[in-house]
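Q: Could you take a close look at one part of this structure and walk me through it residue by residue? I'd like the overall setting too, so the part makes sense in context.

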Amino acid sequence: TFQHYFIQINLSMDSSKEVSNALTQVLLRVNGVKSSLQAFISKLDSGGVLWPDVSENFTTLSGQLTNLHKVLTKEETPELQNLVLLPLMTVGQDATLEQLTGGRIPCLPPDSIPNYLRTKLDPEIEKHEQEFATEVNQTSEQLIQQQICDLNNLSIEISNMIKSVRDNWEDATPHIRMHEGDTKELLKLMGALETGKGLRITNRRSNSTR
């Protein structure tokens, strides 16, 4: 279906079929990685994720990326980087394109084509990135070590504060230790309150008032 939106340049019929089969396999692997990432992010957003679950998800993603790499590097796969692909513009919303892109790209208007063909960062973003790189390169080693030392001291101070608060809280909280006998008495009391178990019923004669 992607051939509907891209023109393949200088490809014979056999080569076009090979490229189509290779891209189909790549898309299957990429969609698998995408589904795993979406499921993992959903678990993280819901909270309560345990480390075994995180490790299992990373193992799954690692296996899927390994399979994708095998597909891209095997001998039967044509050199996709040597292909020239030109996106075909669409007028108005295209339901098929929107479905293929998961709702991210409803159409391909002419003004958006340069963004999809861009091989470098946006000039404004590239400028900011260069400024950050220059700032990092100009930072002296002494200043970096001082910042690391300050951060370590701050971490130690916060850790000591947390430990102090925890110790004070534990000292102020009474520790209730129940022996086996106390547990039995508590169960009897709860039974008496809830079901009347163990209570004795006595008949009393009511004195008539004169």
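A: Of the contacts in the protein chain with a separation of 6 or more, 57% are between residues 24 or more positions apart. Keep in mind that this is a predicted model. As for the layout, the protein chain has 7 helices and 2 strands, and reading along the sequence gives β-α-α-β-α-α-α-α-α. Buried residues come to 13% of the 210 residues. The protein chain exposes about 18200 Å², with carbon and sulfur atoms supplying 56% of that.

The part I'd zoom in on is the loop between strand 2 (85-87) and helix 3 (95-100), where Gln93 sits. Is Gln93 buried or exposed? With a relative accessible area of 60%, Gln93 counts as exposed, since the cut-off for that label is over 50%. Exposed or not, Gln93 has partners: leaving aside residues up to four places away in sequence, Gln93 touches Glu98, Pro106 and Cys107. With Glu98 there is a polar contact, side chain to side chain, at 2.6 Å. Further along the chain, Ile105 is 12 residues from Gln93, and their C-alpha atoms are separated by 9.0 Å.

Now step into helix 3 itself, where you'll find Leu97. Unlike exposed Gln93, Leu97 is buried, at a relative accessible area of 7%. The cut-off for buried is under 20%, so 7% qualifies. Leu97 can also be paired up along the chain: Leu108 is 11 residues away, with 8.8 Å between the two C-alpha atoms.

For comparison, have a look at a few of the other helices. Helix 2 has 23 residues, which should span 33 Å at 1.5 Å a residue, and its end C-alpha atoms are indeed 33 Å apart. Val54, Asn57, Leu61, Leu68 and Val71 are buried in helix 2. An α-helix has 3.6 residues a turn, so residues three or four places apart point the same way. Asn57, in helix 2 (residues 51-73), is worth a pause: this residue is buried, with a relative accessible area of 13%. Beyond residues up to four places away in sequence, Asn57 touches Phe40 and Lys43.

Helix 5 (residues 123-138) has 16 residues and runs 22 Å from first C-alpha to last, close to the 22 Å expected at 1.5 Å a residue. How many of the 16 residues of helix 5 are buried? The number is 0, so helix 5 lies largely in the open. At the start of helix 5, Asp122 puts a side-chain oxygen within 3.1 Å of the backbone nitrogen of Glu124.

Last stop is helix 6 (residues 141-172), home of Ile158. Ile158 is partly exposed, at a relative accessible area of 42%. Together with Leu151, Leu154 and Ile162, Ile158 forms a nonpolar patch on the surface, and the accessible area of the four adds up to about 380 Å².

Back to the loop, then: the picture there is of an exposed Gln93 whose side chain makes a polar contact with that of Glu98, followed by a buried Leu97 in helix 3.

Key:
Residues are numbered from 1 along each chain as its sequence is written. This is a predicted model: local features need pLDDT of at least 70, side-chain atom pairs count only at pLDDT 80 or more; totals for chains, interfaces and linings use all residues. Side-chain values use heavy atoms; hydrogens and water are left out. Helices (H or I, at least four residues) and strands (E, at least two) are DSSP runs, numbered from the N terminus. Buried means under 20% relative accessible area, exposed over 50%, partly exposed in between (1.4 Å probe, protein chains only). Contact means heavy atoms within 4.5 Å. Accessible areas come from the Shrake-Rupley method with a 1.4 Å probe; for residues, only the protein chains shown count as cover. The expected span of a helix is 1.5 Å times one less than its number of residues. A polar contact is a pair of N or O atoms within 3.5 Å; within protein, one must be able to donate a hydrogen and the other to accept it, and residues adjacent in sequence count only if both atoms are side-chain atoms. Patches are made of residues with over 30% relative accessible area and no salt bridge: like charges are joined within 9 Å, nonpolar side chains (Val, Leu, Ile, Met, Phe, Trp, Tyr) within 5 Å. A salt bridge is a side-chain nitrogen of Lys or Arg within 4 Å of a carboxyl oxygen of Asp or Glu.
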